[in-house]
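Work through the exercises below with the structure in view. Each task is followed by a solution in steps.

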Amino acid sequence: MRKALVAGNWKMNGTINDVKELTSKIGLAERTDVDIMVAPSFVHMHSVGEILSGTNILLAGQDCSEFDQGAFTGETCADMLSDLGCTHVIVGHSERRQFFGDDNKRVANKARKAEIEGLCPIVCVGETLEERDSGRTIEVIERQLCAVFKMIQNKFIIAYEPVWAIGTGKSATPEMAQEVHQNIRQYSTVHSHLNGSDLRILYGGSVKPDNADELFSMPDIDGGLIGGASLDSESFLKICCSAAKLIN
Ligand code: PEP
């Protein structure tokens with residue numbers, strides 16, 4: 001059985017006070033029917049971890065280095081994240097791919113480093129609008145996944161995030177997302193050592209309280225990676241309720 005998971009990606013937002021307030025509100029959610037996770041910026045990680053200690057809310061990094069500790073100015077490596085209490089790390093977010101040159105190989109290297117340090121990678125995949133319009137969605141996603149399958153030995157989490165849906169208010173329809181999720185499961189079973197039906201696959205891209213129910217009612221959607229709506233505790237916790245109600 002795949003348990004529902006809702007992860008909030010806070011990106012580069014907030015002052016320390018904003019983030020502490022948000023964390024305290026989310027930390028009040030005592031749910032066991034859905035896994036709840038937050039990914040604060042690195043500078044806020046320690047404070048967020050302190051507030052969440054003793055709760056069952058999980059902590060994730062937004063990215064990690066493909067290198068081990070050493071002379072890499074500005075980087076944060078996987079073992080630093082695990083030292084701070086993270087259990088997961090997002091890799092290959094489209095903003096990293098788009099603005100920071102993270103290609104499939106680097107994303108796979110990052111996922112591998114995370115795995116070595118005992119963190120579960122959340123690997124983001126997804127097509128641009130141009131790729132979708134030219135009928136290349138599945139091909140692009142399979143290439144993104146294939147690179148990771150070559151490097152990773154254990155189970156990991158996949159987040160399908162169509163690039164055109166991130167932060168645009170334009171979500172994929174539930175049917176569009178379901179089609180891709182189903183395909184990812186099949187592809188994983190055939191082209192990796194993992195069983196696709198065991199993989200947790202999240203949908204991300206303008207998930208809000210008012211579209212979460214219809215997205216989470218799809219059989220292959222196991223939860224969400226939430227950007228904008230995760231910065232508002234009420235919206236985020238409503239999305240968590242939808243996941244608990246409709247998945248599992
Ligand atoms: C994201 O950045 O992973 C994301 C899904 O953002 P949003 O929910 O704002 O579209």
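**Exercise 1. The ligand**

How far does a polar side-chain atom of His93 lie from an oxygen atom of the ligand? Then describe the surroundings of the ligand.

Solution. The model is a predicted one.
- Step 1: the distance from the polar side-chain atom of His93 to the ligand oxygen is 2.8 Å.
- Step 2: look for backbone partners. A polar backbone atom of Gly167 is 2.7 Å from an oxygen atom of the ligand, and a polar backbone atom of Gly228 is 2.8 Å from a ligand oxygen.
- Step 3: consider the area. The ligand taken alone exposes 290 Å², and the protein buries 98% of that.
- Step 4: list the shell. The ligand is surrounded by 14 residues, and the closest are Lys11, His93, Glu161, Gly167 and Ser206.
- Step 5: sort the shell by class. It holds 8 polar, 4 nonpolar and 2 charged residues.

**Exercise 2. Backbone angles**

Find the sign of phi at Lys11 and at Ser206, and place both residues in the chain.

Solution.
- Step 1: recall the usual case. Most residues other than glycine have a negative phi.
- Step 2: read the angles. Lys11 is not a glycine, yet its phi is positive, about 50°. Ser206, also not a glycine, has a positive phi of about 55°.
- Step 3: place the residues. Lys11 sits in the loop between β1 (5-9) and α1 (16-27), while Ser206 belongs to the loop between β7 and α9.
- Step 4: check the exposure of Ser206. With a relative accessible area of 8%, Ser206 is buried.

**Exercise 3. Salt bridges**

How many salt bridges does a search of the whole structure find? Examine three of them.

Solution. The search finds 21 salt bridges. Side chains of opposite charge can pair when their charged atoms come close.
- Step 1: take Asp35 and Arg200. Their side chains form a salt bridge with an N to O distance of 2.7 Å. The pair links distant parts of the chain, 165 residues apart: Asp35 is in strand β2 (residues 35-39), and Arg200 is in the loop between α8 (174-191) and β7 (201-204). Both Asp35 and Arg200 are buried.
- Step 2: take Arg112 and Glu115, whose side chains meet at 2.5 Å, N to O. The two residues are about one helical turn from each other because they are 3 residues apart in helix α5 (residues 104-116). Arg112 is partly exposed at 23% relative accessible area, whereas Glu115 is buried at 11%.
- Step 3: take Asp222 and Arg185, with closest N and O atoms 2.9 Å apart. This pair also links distant parts of the chain: Asp222 lies in the loop between α9 (209-216) and β8 (223-226), and Arg185 lies in helix α8, 37 residues away. Asp222 and Arg185 are both buried.
- Step 4: look for shared partners. Asp63, Glu66, Arg96, Asp102, Arg106 and Lys110 are joined into one network by salt bridges that share partners.

**Exercise 4. Cysteines**

How many disulfides does the count give? Explain why Cys240 is not bonded to Cys241.

Solution.
- Step 1: the count is 0 disulfides.
- Step 2: for Cys124, the nearest cysteine sulfur belongs to Cys120 and is 12 Å away. Cys124 is buried, at 2% relative accessible area.
- Step 3: for Cys240, the closest cysteine sulfur is that of Cys241, at 7.2 Å. A disulfide needs the two sulfur atoms within 2.5 Å, so the sulfurs of Cys240 and Cys241 are too far apart for a bond.
- Step 4: Cys240 is buried, with 0% relative accessibility.

Definitions and conventions. Residues numbered from 1 in each chain as written. Predicted model: local features only at pLDDT ≥ 70, side-chain atom pairs only at ≥ 80, totals over all residues. Heavy atoms only, no water. Buried < 20%, exposed > 50% of the residue type's maximum accessible area, 1.4 Å probe, protein only. Salt bridge = Lys/Arg side-chain N within 4 Å of Asp/Glu carboxyl O. Helix = DSSP H or I, 4+ residues; strand = E, 2+ residues; numbered from the N terminus. Near = heavy atom within 4 Å. Polar contact = N/O pair within 3.5 Å; in protein donor to acceptor, adjacent residues only side chain to side chain. Areas by Shrake-Rupley, 256 points an atom, 1.4 Å probe, with all protein chains shown as cover. Nonpolar A, V, L, I, M, F, W, Y, C, P; charged D, E, K, R; others polar.
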